Structures are given as structure tokens and as C-alpha cells.
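Let's walk through some labels that people put on protein structures. For each one, we will ask what earns it.

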Amino acid sequence: MTGIGKAIENLNSAVTVNFVMYEPAGTNVTAPDNPQSCGAFAQIMHVDFCRVAMAVNTSSISQITMETWLPRNWTGRVLGTGNGGLNGCIDYVDVACGAQNGFATFGTNNGHNGTNGQAFYMNNAVVEDFAYRALHTGVIVGKEITTAFYNKNYTKSYYIGCSTGGREGFKEAQSFPTDFDGIIAGAPAIDFNHLNVWSNHFYPLLGPVNSTGFPPVSMWPIIHQEILKQCDALDGALDGIIEDPELCYFRPEAVICSANQTTNCLTGAQAATVRKVYEPIYGLDGTLIYPRMQPGSELISAGVYYSGVPLPYGVDFWQHAVFNDTSITANSATPQFVAAVDVLDSTELWNISTFNPDLSAFRNSGGKLITYHGQQDWLISSSNSPRYYNMVSEAMSLTSSELDDFYRFFRISGMGRCSGGPGAWNFGQAGNAVSTMDVEDNVLMRIVAWVEEGKAPETLRGTKYVNDDPSMGVEFRRKHCKYPARNVHVGPGNYTKAGSWQCEEDSF
């Protein structure tokens, strides 16, 4: 395999091959050099493939680490994978899933190693890698290697990612519209700078743990039950899942303690704080900074945002990437601070906001994009995805039916951050949760069918397995609607019957 490594390096002078390895079917593939914070990886592969690991210089002071897995059962397709949070971790799970199913698949470390942003400090080139360059470089190198290895051109190229990976997918569509023929961009962390501001506004909003208005963490399950009491039936089914949180305007005052009640209730000051948790935040001039947290997510978001401890991601990015100032804290996020970050987005941060609503070049290239967002996302407000969708509609002067030609958005009820939750959340979107490659139940094969056969998805069918374990059987399935439609239970039959739901649209 040494000859292959040298041939790859000859393709691109920026590439240094770390190793080339043939992995026969049945091998338990590991990643022993994976940074500890990225977690261990081990998976038995059921196909023969060639594994190429390399470093690629992106500037004189920055480089990415990437791997390309080239399966014997190649279908002619290329698949790129994304990242999550601030991390510099190759998504080996998605890389393995792609290769297992015949895609020549690559992943990068997004320009740094590990799960924090310390590598950004005083090195804007690493920030540039994180903003866009790592993935785009991976596309170039991954395609070069694929073509050289198989001695023929690839037929179609695809991308799959969620969270930061979702942002990366939209960045590709916005800035490099010919990189991929089909993009799956889940729960995207777009409007990235404002997302970080919003994520950290909860800490000063709720106040210290012992302050008058701080809602005890133990109260959030009770608040959740009250939210379901007020909003669960809006979709026609009492199933513990709010299909469309946009319709839910929770009244926290319903949980205020009565005259003789001292437990499992809120004071008036605490109820006022809870109300603010579910409100958008605005700038000095009254413009929207970021939409509200959607009701229904609080069972997990309480531990992430409402526990009296600041979320590390936003502060980490501000300290090490934006201002190179480690004294910045969550309390720094004033309206003036937001304005300063906005100025730096285009000058120092490589438009990492990823919020350009003009997808004309992607549409004109023939690209197709599927995006989805869990309606119980506990980290990124699910309200931000319809916000962006509507911005694209306005910027491009296109109706929803016209957007359908290249851009389709699905709201996944009862799903948390990219996966998990009480809803029918499994639709092939995450490598470790893929139980079938059937086009009806797998979003990756959905985008393939759209790109290669013109069969665009009207719904995404999700599955809820018993205890989230496919080996235990199906608990229920549900077809998730294409925005702006929403799911309504109309019967006949129990809400667990997929046929008892239908997608309905208001007059838009």
C-alpha cells in the first residue's frame, strides 16, 4: 500500500499521508489516535475497504487531519461528513456507515483536535478552517483520492451532518454550491454568532442559584408536564409530544403556588423568569437576535441551560476565536457585545454566521438540500430553522412550492439534538442509529433518490423503536411533514398508527 500513499501525495502537494491500510470485511476497526475528548471508536465493518489517513496543509500555520474510506462495493458515490459543537473530531461513525453502504466517504477534524476551541487562540487560520475551509478542503482532496483510487470519476457527491455539521452543510450550499449534488443538513447551528449569544444569555437571565427568581432545577419536570397539559392536544393527540411548538405559548403562571402550597410550584418571581426563558432576545435597535427556546425541550435543556452554570461553548469561542481574550465570561453578552461580534463576522470570522439566505447558485447548479430539526432540540432552538427557511423564501422571492424544487425542510416531532427523544426520531440520520437503508426510512437514501431519480420526499418517515433498540421491535412510526405543513392527528385509530396523521397547511 506504500505505492498508493506516494501516489496520493503526488496528487496534491499539501497532502502528507499518515497511513494507508487495507481493512478486510469482519475487521473491528478502531481509531487509536483519536483525541481522548472525542471518545473511543470501534466498529466491525462488513465490507472490504482501503483506509487512507492524512494531514493536509491549509496554510503555513494550519492543517486538517482527514480520513477517506474507499469500499470494494463502491457505488460511484462520494459522501462527506460533518462535525459537532466546537469539536475537532472526525465522525468515524458516519464515515463507517457511508463506506459500509458503498460510498467513498471522508471526514475531517475541522482543523483542530479535541472538543474545545483553545486551538483558535491567536491563530485565525484555524478559525478559518473551522468556519468553512476544513470541509471544503476535504471535498477537494476526498474527490481527488476517490477518482485516482478507482481510476474513474465519481458519479454523484453527497454530504450528511447535524448541528455544527448542519451549519457546515449550509455553508457548502451558500459558498461552494457545486461541491455536493445532495446535502443533508440537520438541526443546523446557523446564525452561529447569535446562537452563541442566545445560548449564554440564560445564565445571567436566571441569576444565581439562590436568587429570588431562580427556578429550582427540580421544578423543570413539573413545568414540562404543565407545558404538555397546555399544548399537547393542539395536534389532536395526547401522546406526550408537541408536533408544532410554534403554536405553543406556555403560561407559567399556572404553576404559581396557591395559598396553602409550598412545594412543586413556583413563586411569582420564578414564574416571571420562566416566562423570559421562552421569549426571543432582541438587540438595541429592537431587531431580533435569536428566536425563543421552543416549549417541550426542558427535560434536558434544564440541565444544559437552566442549572445556574454557563454553557462552555459560546464563551470558549468568544475567548479563543473572536476576541483572543480569556477574561470574557457569559455575563459579557450585552447588546453592545453582540454588535461587536456582528462586525467581526465578515472581517475576522469568515462569515461563520452562515446565514446568507441567497441559495441561488446552489439551485442553479442543480443541488438538492434536505434539512430537518428536532422539535425537542435542547441546544439549538428549533424555531431558527423555519426562520431561515422564510428568509430564503423572501430573499429569493420563491413560494414554498418553488423552494421544493431544491430545498425541503422537515420538522421532527419528539426528537432532541439530532437524535433521541420520545418521538419517531430514527430515519437514518445518524450512523450509529441506522437500522435500514430502505429509501422509505433512510434520509441518506432519500437524498440519493431525489438527486438521481427525481423522487423528492414529501415526508420523512421516522421510527420509534422499543427502548430505542431496533432489536426490540417497532413501537410506532410517524411521517414527519414538510414545512410549512404540520402534523395533525385525525384518526381513525390510535396516535401510534402512522395512517392516523396527516399533514395540514394553513393559508400561507
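Q: Why are Cys162 and Cys418 both called buried?
A: Buried means under 20% relative accessible area, while exposed means over 50% and partly exposed lies in between, using a 1.4 Å probe and protein chains only. Both Cys162 and Cys418 fall in the buried class. One thing to know early: this is a predicted model, where local features need pLDDT of at least 70, side-chain atom pairs count only at pLDDT 80 or more, and totals for chains, interfaces and linings use all residues. Residues are numbered from 1 along each chain as its sequence is written, and side-chain values use heavy atoms, leaving out hydrogens and water.

Q: What makes Cys162 and Cys418 a disulfide?
A: A disulfide is a pair of cysteine sulfur atoms within 2.5 Å. The S to S distance of Cys162 and Cys418 is 2.0 Å, so the pair meets the definition.

Q: Why is the disulfide of Cys162 and Cys418 called left-handed?
A: The torsion about its S-S bond is about -100°, so the Cys162 and Cys418 link is left-handed.

Q: What does the pair of Cys162 and Cys418 tie together?
A: Cys162 sits in strand S8 (residues 156-162) and Cys418 in the loop between S13 and helix H14 (443-453), so the bond ties together parts that are 256 residues apart in sequence. Helices (H or I, at least four residues) and strands (E, at least two) are DSSP runs, numbered from the N terminus.

Q: Why is the disulfide of Cys231 and Cys248 right-handed or left-handed?
A: Here the torsion about the S-S bond is about 75°, so the link of Cys231 and Cys248 is right-handed. Cys231 lies in helix H6 (residues 220-231) and Cys248 in the loop between H6 and helix H7 (268-277), so this pair ties together parts that are 17 residues apart in sequence.

Q: How do you know whether Cys481 and Cys503 are buried or exposed?
A: Cys481 has 4% relative accessibility, so it counts as buried. Cys503 has a relative accessible area of 36%, so it is partly exposed.

Q: What keeps Cys97 from a bond with Cys162?
A: The sulfur of Cys97 is 14 Å from the closest cysteine sulfur, in Cys162, which is too far for a bond. Cys97 has 13% relative accessibility, so it counts as buried.

Q: Why is Cys50 called buried?
A: Its relative accessible area is 2%, so Cys50 is buried.
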